[in-house]
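Work through the exercises below with the sequence and the structure open beside you, and try each task before reading its solution.

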Amino acid sequence: MYPPLQSTTGAIILALNVFPIFAGQDVDETLIAEEKPYTFKLSISPAGGYNSNVILLGEGLPLPPSISRQDAAFFEIGSAATFDWKSAPIAFAPDELLSTDQVTLSYEYKADFYEGISGFDPGVHAWSGKYTHLFDKQWGYRIETKDIYTTIDGHGYSNKTSVTPVITLQAAQYAETIAKDLSAEFIFSFMTADFYFPPSLPARNMDANNYSAECSITFVPKKYDVAKFKIGFVHFRNDADGSDYDYDRNRLQLSVETRFSRKPEDRLYDLKAIIKYFHDFDRYDHANSHAGFAFSRQDDRDDLGAGLTFDVLKSADRKSSRFAVNIQYHYLRDNSNVPFFNYPQHTIQAGCTYAFDELKWR
Amino acid sequence: MNITKPIPLKATLLLSLLLICPLAVAQEDRGERIQESVSSSDDRIDFTKSKAEPPKIESIAYQDSLIKTRDYKRAVSELARLERKTKKRATELGFTKLSAKDERALAAARSKVDKARAAMKEAERKANAD
């Protein structure tokens with residue numbers, strides 16, 4: 001008799017390994033004996049930039065005590081390590097192959113160091129595990145768990161743990177004349193957040209559980225398959241320990257990505273542009289402490305990001321980026337009826353990314 | 001005679017509120033500012049993450065690369081089969097060179113392999129760039 005954890009793990013491994021073999025019994029196994037690589041990728045990105053409002057000071061408000069400025073230059077270091085496993089592809093129809101299972105484990109770290117402002121340097125550690133299973137060419141699901149631990153000036157600040165089940169639907173076959181990819185995702189997220197800095201008032205305690213439901217649609221045009229359009233809607237509910245942070249959020253989000261050539265051998269193919277925008281409609285339940293408990297907070301938030309990345313060097317097999325230069329601009333505007341939260345922020349940064357992609361084995 | 005008039009309840013509450021409000025507004029909360037700052041940083045475009053991401057199995061580009069890889073392997077297999085067949089035939093007939101017909105067939109098979117390989121490489125790059 002095996003212990004529960006061992007037997008469960010064994011069953012999962014057995015299912016992952018055996019299922020593709022049974023499903024692919026009718027086809028020529030030698031022809032579709034696909035590479036089954038376990039891959040490990042690592043990327044490191046140093047960057048420098050300028051942030052117009054590091055402390056997110058409300059418009060027209062005086063600087064808080066002990067802070068001499070609101071804007072600052074900054075240095076950022078980011079790194080990510082990803083382990084990935086995919087099951088061997090199987091044939092669903094004579095001309096259709098599908099890899100049905102994928103497991104991705106990753107660790108990311110990002111730290112910002114602001115020049116001339118102390119007490120606001122964040123360090124973010126993020127661990128995540130993701131399992132994807134495709135039932136067929138259309139339907140699939142994904143489960144992602146994530147833990148994000150944040151430090152400020154090296155001191156523990158917060159920890160957020162989330163579980164995110166996702167249902168995926170591929171519908172390109174219904175729009176073959178115009179779409180290379182037409183997919184939808186239905187995302188449900190459950191998260192708990194703990195903050196370690198003591199709040200100045202009980203009402204400002206940000207410890208919370210939150211829940212969100214999201215629907216997004218991704219479209220890749222058939223005639224220009226290096227462009228991607230995505231639109232989504234999210235409803236988010238935050239139940240906090242402090243009354244200031246009980247709120248509902250409705251988010252509309254859009255993103256566009258494109259490369260500048262359809263042919264991977266062209267140099268312009270290595271140039272990629274990304275534009276992301278979202279608008280949040282936040283409605284808070286209770287009168288806010290920053291308004292003297294006179295009225296509840298209502299925020300409308302605009303967030304725009306635009307970035308360019310150019311792959312200067314490619315990996316040995318020319319499949320992925322080895323060394324890239326990046327530049328991005330980020331604009332955030334929170335229109336709040338509470339002056340403390342009514343602020344703009346502009347951030348511009350430039351840097352590079354070095355990626356290692358050589359660790360593959362069967 | 002000293003007469004004191006009781007202060008109405010509403011006025012008392014208002015007075016208390018006015019006394020509390022300035023304190024509450026003035027009280028700085030660094031934790032809240034940091035939270036807003038960290039959230040804003042999280043929402044920036046993350047090139048580090050995207051460069052380390054493996055292709056997703058649900059993406060059309062990745063599925064396309066599997067098909068193209070399968071096609072390439074089929075073309076290589078077909079070329080190998082043809083090479084074995086033509087060499088065997090030439091050996092059986094005692095020829096030192098392949099016949100013109102066999103040479104043409106082999107050239108066509110090699111061309112097919114080259115095309116399939118180029119298509120596979122293009123699909124792989126698109127899958128990784130997705």
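**Exercise 1. Find what share of the residues in chain A is buried, and describe the make-up of the chain.**

Solution. In this predicted model, chain A has 362 residues, of which 49% are buried, where buried stands for a relative accessible area under 20%. Turning to secondary structure, chain A comes to 1 helix and 16 strands. As a last step, consider the contacts in chain A with a separation of 6 or more: residues 24 or more positions apart account for 59% of them.

**Exercise 2. Determine how helix α4 and helix α5 of chain B are oriented to each other.**

Solution. Begin with the two elements, which are helix α4 of chain B, covering residues 60–93, and helix α5 of chain B, covering residues 100–129. They pack at an angle of about 160°, and their axes lie 8 Å apart. Angles over 145 degrees count as roughly antiparallel, and α4(B) and α5(B) are therefore roughly antiparallel to each other. The handedness of the crossing of α4(B) and α5(B) is left-handed. Sorted by class, the residues in the contact of α4(B) with α5(B) are 16 nonpolar, 3 polar and 11 charged.

**Exercise 3. State how many disulfides the structure holds, and classify Cys215(A) and Cys352(A) as buried, partly exposed or exposed.**

Solution. Over all chains, the structure holds 0 disulfides. For the cysteines, the partly exposed class lies between 20% and 50% relative accessible area. Cys215(A), with a relative accessible area of 32%, is partly exposed, and Cys352(A), at 21% relative accessibility, also counts as partly exposed.

Technical notes
Residues numbered from 1 in each chain as written. Chains lettered and ligands numbered in written order. Predicted model: local features only at pLDDT ≥ 70, side-chain atom pairs only at ≥ 80, totals over all residues. Heavy atoms only, no water. Axes fitted to C-alpha atoms, helices over the stretch in contact; angles between N-to-C directions. Helix = DSSP H or I, 4+ residues; strand = E, 2+ residues; numbered from the N terminus. Parallel < 35°, antiparallel > 145°, perpendicular 65-115°, else oblique. Left-handed = near helix turned anticlockwise from the far one by under 90°. Nonpolar A, V, L, I, M, F, W, Y, C, P; charged D, E, K, R; others polar. Disulfide = S-S within 2.5 Å. Buried < 20%, exposed > 50% of the residue type's maximum accessible area, 1.4 Å probe, protein only. Contact = heavy atoms within 4.5 Å.
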